[in-house]
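Hi everyone, thanks for making time for this. I'd like to walk you through one structure, so please have a look at it with me.

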Amino acid sequence: QPFLVEAYRKPDYEVTLKTASAHVVSGEPLSLTVQADYFFGQPVANAVVELVPYVAYDYGWHGSSQALDYGYPHEKVRQVGRTDAKGRFTVVLPAQVTNDAERQVWNIEATVTDGSDLSVSGHTRVFVHRAAYDIELHTERYHFQPGGQIPVTLVARDHAAMGQAGKALKVGLYAWKAGTKDFSQAVVETEVVTGADGVARADLQAPRAGWFQLRVQGNDGAGRPVKADTWVWVYAGDSVWDAASGGELRLSTDRDTYAPGDSVRLLVESPVGGPALLSFERGTTRRETVVQLNEGLTTLDFELLPDDVPNVHVALAVWRPTQESEQWRGQSRPDEELL
């Protein structure tokens with residue numbers, strides 16, 4: 001693999017980028033100023049400026065998390081120009097959410113090249129939102145039973161994290177619709193209005209078992225759509241929710257996070273029944289127990305211990321009769337295989 005080694009040259013100037021706000025709504029102008037100044041105080045005048053936004057996903061709430069990747073270059077809004085006598089280059093970019101996400105991170109990079117062909121780059125980050133406020137959607141857990149209450153908490157906040165009162169929202173459970181091949185078949189819907197703190201609550205009820213999308217929808221003052229979604233699993237008896245599971249062994253917990261002493265409900269989808277080894281691991285096997293699985297769906301409840309902090313991994317091992325396949329052609333087939 002060839003690579004290039006260049007002589008390092010200490011930069012003589014600094015490039016900074018400033019925007020009117022760290023948050024902008026899609027469709028609104030994004031004003032940005034590039035400032036280039038020599039370290040001895042004079043502006044870098046009449047220098048070439050190349051400005052490129054790199055678009056990345058925002059996986060956090062109100063930009064609380066750092067984007068794991070810098071993103072892809074947004075070539076359509078690439079700008080090239082020159083600094084003025086004060087070392088400034090001002091531009092207005094058309095901010096747009098470029099996919100179906102509710103918000104994106106724009107990592108905006110400006111490279112300034114002076115008369116000596118020395119290039120120095122500066123960077124800033126802007127969060128581009130689809131609407132004037134965002135919605136958070138919370139459930140206490142992900143697993144429910146038919147006819148049971150599914151409590152849902154909705155939080156509407158603007159981009160300064162201030163609660164938005166009086167927002168009319170529609171929240172519901174939606175099942176897979178074969179005709180449109182999406183989760184658009186309404187199972188249950190209700191409407192709520194956020195309170196003074198931007199919070200609203202709803203209780204939904206799924207009449208049958210299945211895998212449902214839980215979705216909330218609304219609009220901001222300009223009519224721009226606002227939405228959020230998550231998934232819930234409604235289970236009954238020993239049936240599995242997904243007939244297309246492919247005979248795999250699959251585990252899922254009823255929540256994302258727990259505290260010591262909390263009870264965890266583990267749902268196990270297994271193509272075979274019988275004894276299995278449930279182990280709790282972190283660095284080594286910390287404890288284990290033998291459990292009995294049903295063919296289909298099994299629920300296992302266990303309590304977390306104080307030394308499970310900060311994290312503990314749950315593993316399940318079960319043997320099943322070896323399936324007929326091309327894998328064993330021309331060689332001895334074992335009686336059983338480990339899932």
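**Strands, salt bridges and a pocket**

Let me start with one pair of residues: E14 has D37 in β3 as its bridge partner. Before I go further, please keep in mind that this is a predicted model.

That pair sits in a wider pattern. β1 and β3, the latter covering residues 29–38, are paired in the antiparallel sense over seven bridges. Together with β7 they make an open sheet of three strands, in the order β1-β3-β7, with antiparallel pairing. Which strands stand at its edges? They are β1 (13–19) and β7 (88–94); each has a single partner strand, so one side of each is left without a neighbour in the sheet. From one strand to the next, the twist averages 20 degrees.

Now, please move along the chain to another sheet. This one is also open, with three strands in the order β18-β19-β22 and antiparallel pairing. Here the edge positions go to β18 and β22 (296–303), and because each has a single partner strand, one side of each is left without a neighbour in the sheet. Neighbouring strands in this sheet are turned by 25 degrees against each other on average, direction ignored.

Let's stay with β18 for a moment. β18 and β19 run antiparallel and are joined by four bridges. Within that pairing, R250 stands opposite E269 in β19. The side chains meet as well: R250 and E269 form a salt bridge, with the closest N and O atoms 3.3 Å apart. R250 lies in strand β18 and E269 in strand β19, so this salt bridge ties together parts that are 19 residues apart in sequence. Are these two buried or exposed? R250 counts as partly exposed at 23% relative accessibility, while E269, at 5%, counts as buried.

How many salt bridges does a search of the whole structure find? The count is 14, and I'd like to show you a few others.

- K227 forms a salt bridge with E102, and their closest N and O atoms are 3.6 Å apart. This pair links distant parts of the chain, 125 residues apart: K227 is in strand β17 (residues 225–234), and E102 is in the loop between β7 and β8 (103–113). K227 is partly exposed, with a relative accessible area of 36%, whereas E102 is buried at 16%.
- R9 forms a salt bridge with D12, where the closest N and O atoms are 3.6 Å apart. R9 is partly exposed, with a relative accessible area of 43%, and D12 is partly exposed too, at 35%.
- E50, E75 and R78 are linked in a network of salt bridges.

The last stop is the second largest pocket, which holds about 400 Å³ of space. It is lined by 21 residues, and the closest to its centre are D256, Y258, L304, N311 and V312. Which elements give two or more residues to that lining? They are β18 (250–253), β19 (263–270) and β23 (313–317). β18, our edge strand from before, gives the most, with three residues. As for chemistry, the lining divides into 13 nonpolar, five polar and three charged residues.

So β18 is the strand to remember from this talk: it pairs with β19, carries R250 of the salt bridge to E269, and gives the most to the lining of the second largest pocket. Thanks for listening!

Conventions. Residues numbered from 1 in each chain as written. Predicted model: local features only at pLDDT ≥ 70, side-chain atom pairs only at ≥ 80, totals over all residues. Heavy atoms only, no water. 1 Å grid on protein atoms, 1.4 Å probe; cavity = no way out; pocket = protein on both sides within 12 Å on 5 of 7 lines; lining within 4 Å. Points joined across faces, edges and corners; volume = space filled by probe spheres on them. Nonpolar A, V, L, I, M, F, W, Y, C, P; charged D, E, K, R; others polar. Pairing = 2+ DSSP bridges. Axes fitted to C-alpha atoms, helices over the stretch in contact; angles between N-to-C directions. Salt bridge = Lys/Arg side-chain N within 4 Å of Asp/Glu carboxyl O. Buried < 20%, exposed > 50% of the residue type's maximum accessible area, 1.4 Å probe, protein only.
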